[in-house]
Amino acid sequence: MSRVPGWLGRLGHGLTEMGDRLDERRAEAEREEEVSPPDEPPPPLDEAPPAPVSRPDPAQAVPWGMRVAAEAGWRLLVLAGTVWVLMRVISAVQLVVLAFVAALLITALLQPTVAWLRRYGVPRGLATALTAILGFVVMGLIGWFVTWQVMENIDNVSDQVQDGIDELRNWLLNSPFHVTDKQINDIAENLREAVGANTDQITSAGLEGVTVVVEALTGILLAAFSTLFLLYDGKRIWEWTLKLVPAAARPGVAGAGPRAWRTLTAYVRGTVIVALIDAIFIGLGIYFLGVPMAVPLAVFIFLFAFIPLVGAVVSGALAVVVALVTQGVFTAVMSLAVVLAVQQIEGHILQPFILGRAVRVHPLAVVLSVAAGGMIAGIGGAVVAVPLVAVTNTVVGYLRSYSLEQTLKQSPRPRGATAVEVAPVTPKDDPAPKDGPADLG
């Protein structure tokens, strides 16, 4: 019994020492955790992975210049498609469009006469009838006179042409160009063979010419009826046209219309005066030079003057060719000198003085518009191209000034500031017209 308590004492002492050592180790571990933080525990398996790094919007990643180019590009494509469809529609009804445009040009020429008669108390219907009858009679007499002159002189001209060809041949043989008789005969033989080989094409062209004559007569009738209605009822037609314009844009269009009409009227009047002066002086020049059919050639010069640039060249070349084949080289050279002198006076004095700045169009715009009009609608397109560009230039300029005026009126002013007077939209050299589309009637 005496030995058991000693054993128990030793066991308790050992357990006490073991507990002390565990406490020391625990204290050392706690000290180590205070010095260096413990590693993060792994995330639970059911926790979502971290979100990816956010990326910018693709539209924002595209450079600003490229975005602007793309926006402008698709709008230009839509505009080009609209213009293409419009041109297809115009091509389908080309005869009607040209007839109406011709009626507008004739109305711009005759409308001042109607206004003048109405100021003296003549009723609108009677003034329209008198003006239209007078205008159409004058045009018909001019056409009849040209035809009569050609038929009266055709035989004489044929003989003169043959004599002129012989004289031209002799001149070529004796010229410093060393042209031989065999070369001239070969050229004549080639011309005869070309005419014989293309007989079918010439015949079909003659048949197509009949169709062209029928279409021309139809266009003349449409232009005549359109001119009558524009002269008589132009005011109501213009008011009805304004109703088709959206209300927001109606005031600007209503102001641009009279100015466009003034530009068109100034162009037609100025072109008629310039063409008349060209025809008179060139006709007198070739008449005194002894060129046959001087009067019909003068009428052709007058008509071709309505085609800017190209018409003057074609009509002048026609007069020189007739002088060459009928009167010889010297007369042709003198005729060329007369044509060039008159055209130089026209280009540098008459057109700037008569047309003025109201219808001033850059020569490059004239060339491009005439070429485009001729490619689209032939001679009729070439005739109406320049007045269309002049009217468009006037309308765009007025609408730009009108938009600027409205912006200045609507812009807020600082408190206490006085109102600034806005300059009128009409330039000094383009006073507000007294007559316009609203005054056609």
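Student: Let me start with one residue. Leaving aside neighbours within four places in sequence, what is Thr 227 in contact with?

Tutor: Thr 227 is in contact with Ala 103, Ile 106, Thr 107 and Phe 136. Keep in mind that this is a predicted model. Thr 227 itself belongs to helix α7, residues 199-243.

Student: Is Thr 227 buried or exposed?

Tutor: Read the relative accessibility against the cut-off: buried means under 20%. Thr 227 comes out at 0%, so it counts as buried. Some of its partners are in the same situation: Ala 103, Ile 106 and Thr 107 are among the buried residues of α4.

Student: Which other residues of α4 are buried?

Tutor: The list also includes Ala 99, Leu 105, Ala 108, Leu 110, Gln 111, Val 114 and Leu 117. For contrast, try Arg 118, which sits in α4 too (residues 94-119). Its relative accessibility is 38%, so Arg 118 counts as partly exposed.

Student: How do I check the span of α4 against what its 26 residues should give?

Tutor: Compare the expected span with the distance between the end C-alpha atoms. At 1.5 Å a residue, α4 should span 38 Å, and its ends are 37 Å apart, which agrees. Still, look along the helix: there is a kink of about 40 degrees at Leu 110, shortly before the proline Pro 112.

Student: What happens just after α4?

Tutor: Check the backbone torsions there. Gly 121 takes a positive phi of about 90 degrees. You can also follow the chain by C-alpha distances: Arg 118 and Thr 128 are 10 residues apart along the chain, with 9.3 Å between their C-alpha atoms.

Student: Now the span of α12. What does that helix show?

Tutor: Run the same check. Helix α12 covers residues 363-410, and a straight helix of 48 residues would span 70 Å, but the end C-alpha atoms of α12 span only 38 Å. Then look for a bend: α12 has a kink of about 145 degrees, centred on Ala 377.

Student: Val 389 is in α12. What does it touch, not counting residues up to four places away in sequence?

Tutor: Val 389 touches Val 361 and Ser 369. A C-alpha distance is worth a look too: Val 389 and Val 366 are 23 residues apart in sequence and 8.2 Å apart in space. As for accessibility, Val 389 is at 29%, so it counts as partly exposed.

Student: How do I describe two helices packing together?

Tutor: Two packed helices are described by the angle between their axes and the distance between those axes. Here, α8 (residues 250-288) packs with α12 at an angle of about 145 degrees, the axes being 9 Å apart. The crossing of α8 past α12 is right-handed. From α8, the contact residues include Gly 252, Gly 255, Ala 256, Ala 260 and Tyr 267. On the α12 side, they include Val 386, Pro 387, Ala 390, Tyr 398 and Tyr 402.

Student: Zooming out, how many helices and strands does the chain have?

Tutor: There are 12 helices and 0 strands. For packing across the chain, look at sequence separation: among contacts with a separation of 6 or more, 73% join residues 24 or more positions apart. Buried residues make up 25% of the 441 residues.

Student: And how much area does the chain expose?

Tutor: About 30300 Å², and it helps to ask which atoms supply it. Carbon and sulfur account for 68% of that area.

Notes
Residues are numbered from 1 along each chain as its sequence is written. This is a predicted model: local features need pLDDT of at least 70, side-chain atom pairs count only at pLDDT 80 or more; totals for chains, interfaces and linings use all residues. Side-chain values use heavy atoms; hydrogens and water are left out. Helices (H or I, at least four residues) and strands (E, at least two) are DSSP runs, numbered from the N terminus. Buried means under 20% relative accessible area, exposed over 50%, partly exposed in between (1.4 Å probe, protein chains only). Contact means heavy atoms within 4.5 Å. Accessible areas come from the Shrake-Rupley method with a 1.4 Å probe; for residues, only the protein chains shown count as cover. The expected span of a helix is 1.5 Å times one less than its number of residues. The bend at a residue is the angle between axes fitted to the seven residues ending there and the seven starting there. Axes are lines fitted to C-alpha atoms, for helices over the stretch in contact, and angles run from 0 to 180 degrees between N-to-C directions. A crossing is left-handed if the near helix is turned anticlockwise from the far one by less than a right angle, and right-handed if clockwise.
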